[in-house]
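Visitor: Could you walk me through this structure and explain the words you use?
Guide: Gladly, here it is.

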Amino acid sequence: MIVKRTKSKTRHWRIHLALFFLLAACAGAVGRLFYLQIVLGERYQVLAQGFEVFARDNQDISRGEIFFAGGQPLAINKDFFYCYASPMKIKDKEQAVRAVAEILGLEEQSLRDKFEKESLYAFIKEKLGDAEIEALEKAAIEGIYVKKKKMRYYPQGEVGGQLAGFVDDGGTGRYGLEDYYNDKLSAGESIFLNIDHNLQYQAQRLIAQAKEDLNAVSGEAIVANPKTGAILAMAETPNFDPNDYKQVAKDGIDILKNDSCQTLFEPGSVFKAITMASALNEKKVTPETDYVDSGMVKIGGWPIYNYGHRAYGRQTMTNVLEHSVNTGVVFAQSRLGNEPFVEYLEKFGIFEPTGIDLPETFSANAEFKKGYAINYATASFGQGIWMTSIQLIRAYSALANGGVLIRPSVAKTEREETTAARPVIDPETSKTIAKMLASVVDNGFGKSAKIEGYSIAGKTGTAQMAWSTLNINERGYSDKTTQSFIGFFPAEDPQFLILVKLVAPEANTAEYSSLPVFKELAQYAIYLSQIPPSEKPDDNVVPAETETAQTQSRSGD
């Protein structure tokens with residue numbers, strides 16, 4: 001019995017001791033909370049704001065800025081005022097809710113939810129206007145504060161929205177140049193672009209107008225120097241104002257992407273020049289090589305037709321490009337051979353990223369590479385092969401510049417070499433394909449692109465769109481088309497390369513959609529650069545508006 005009483009006393013002593021320490025800890029915690037919230041409340045309010053994303057205005061290094069080639073600002077830092085609350089300091093929270101909601105145009109319930117929390121900090125609204133600041137100061141609501149912060153500002157608004165991207169509340173670049181050059185910009189280094197402000201503005205205006213006039217889903221216009229890879233303009237529609245990216249993102253983030261680098265498409269007949277140049281380089285065809293077109297050819301039991309099931313009869317390879325004959329480019333590809341065809345597509349960079357200084361995507365084209373004969377045939381005229389617009393710009397630069405694949409670049413900043421320039425076709429082949437493409441504009445479906453006094457080399461493309469690209473869960477192709485025109489000039493010494501692309505416009509072919517935009521943008525580029533004419537006026541040139549369209553099948557025009 002004595003032993004049991006000893007154990008009981010020991011147990012009670014231990015319990016009492018544990019309770020003592022527990023009560024002491026609780027008292028300490030309460031005291032600590034009192035000290036933190038009351039005695040040091042103001043200090044920790046500042047610290048809380050320091051962890052909060054808007055209190056970054058006292059940093060030693062300001063984010064680097066972005067400028068167009070001519071010095072116009074695309075992205076700069078600017079002082080803005082924002083409003084925040086300390087809910088624990090608001091005495092009459094319901095009155096504060098009504099007053100702040102009225103002044104700042106906010107929903108009362110949203111503010112009520114923030115003010116009812118026992119917190120030291122609640123963000124209310126950024127980028128206040130002068131009238132809002134004045135009204136808040138006049139209201140003098142305890143617990144409601146206005147503070148200045150240096151934030152990102154895009155003076156051009158929607159001009160170059162996808163090109164720029166934006167900086168999020170945490171100070172990190174998202175999308176576009178803000179994303180790609182985030183490390184440099186965060187370190188305070190400014191970026192100067194190859195982008196010409198005037199060309200960018202004009203390209204964006206023209207492509208937006210074409211989208212509206214033709215009720216297209218979207219559109220792009222890219223201007224490049226095919227010799228250096230410098231991107232001089234990169235416009236798309238619909239676009240967005242990076243200053244309002246939060247509001248824009250509420251309707252979906254797809255608009256934030258740069259379609260020229262991040263959206264895959266089937267190029268259609270603009271791809272025919274790549275196939276033809278490959279066959280020319282291997283000397284499997286010449287511009288004068290001919291064949292007889294019956295309007296249809298069977299590959300592995302699958303029929304391939306020309307646009308409108310039209311038969312052209314005897315055609316040279318130059319005629320094939322002029323009239324965008326599907327069966328003719330299939331003939332050239334068959335002369336080249338399937339394995340060499342794939343090898344040339346690799347050389348032209350179709351299966352790899354371009355290395356452009358923007359976020360980009362690419363397709364390995366696994367379906368095309370499965371080795372089916374029909375896949376090679378349809379790819380020869382740009383169906384069943386996937387690429388981005390910037391990949392097309394890069395490939396055509398090689399056609400125009402003497403045969404060298406170069407890396408496109410938006411900024412003038414030195415970058416680590418990730419994609420070295422490499423020869424794709426012989427210089428002589430480059431000259432030959434340029435002459436053939438000039439004949440497309442002089443004598444073929446590209447006549448509407450003709451600019452008096454200047455030699456233009458180019459190609460139209462009207463590619464059927466797969467149902468999947470329209471977010472419709474069906475196999476095969478719809479009756480909607482992607483319509484494009486890509487060309488360079490002067491053909492004999494290219495200074496500019498321009499791609500115009502419209503998605504699902506209400507027009508039969510690219511001759512009536514993308515091509516007129518190309519011509520107007522090319523004329524503007526000639527005006528800006530003052531390129532002297534290289535050709536004498538031709539009194540026999542038929543005005544473009546009198547031409548009759550004659551186009552293709554699954555892909556053509």
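We will talk about one residue and then about empty spaces.

Guide: This is a predicted model, where local features need pLDDT of at least 70, side-chain atom pairs count only at pLDDT 80 or more, and totals for chains, interfaces and linings use all residues. Residues are numbered from 1 along each chain as its sequence is written, and side-chain values use heavy atoms, with hydrogens and water left out.

Visitor: Why is Thr429 called buried?
Guide: Buried means under 20% relative accessible area, exposed over 50%, and partly exposed in between, with a 1.4 Å probe and protein chains only. Thr429 has 8%, so Thr429 counts as buried.

Visitor: Which residues is Thr429 in contact with, leaving aside its neighbours within four places in sequence?
Guide: They are Ala277, Leu280 and Asn281; contact means heavy atoms within 4.5 Å.

Visitor: How do you know where empty space is left?
Guide: A probe the size of a water molecule is rolled over the atoms. On a 1 Å grid over the protein atoms alone, a cavity is a set of points where a 1.4 Å probe fits but cannot get out, and lining residues have an atom within 4 Å of a point. A search of the whole structure finds two cavities of 30 Å³ or more.

Visitor: What lines the second largest cavity?
Guide: Its lining includes Ala224, Ile393, Arg394 and Pro408.

Visitor: What makes Arg394 the charged one there?
Guide: Asp, Glu, Lys and Arg count as charged, so Arg394 is the one charged residue of that lining.

Key: On a 1 Å grid over the protein atoms alone, a cavity is a set of points where a 1.4 Å probe fits but cannot get out, and a pocket is an open set with protein on both sides within 12 Å along at least five of seven lines; lining residues have an atom within 4 Å of a point. Grid points are joined across faces, edges and corners, and a volume is the space filled by probe spheres set on the points.
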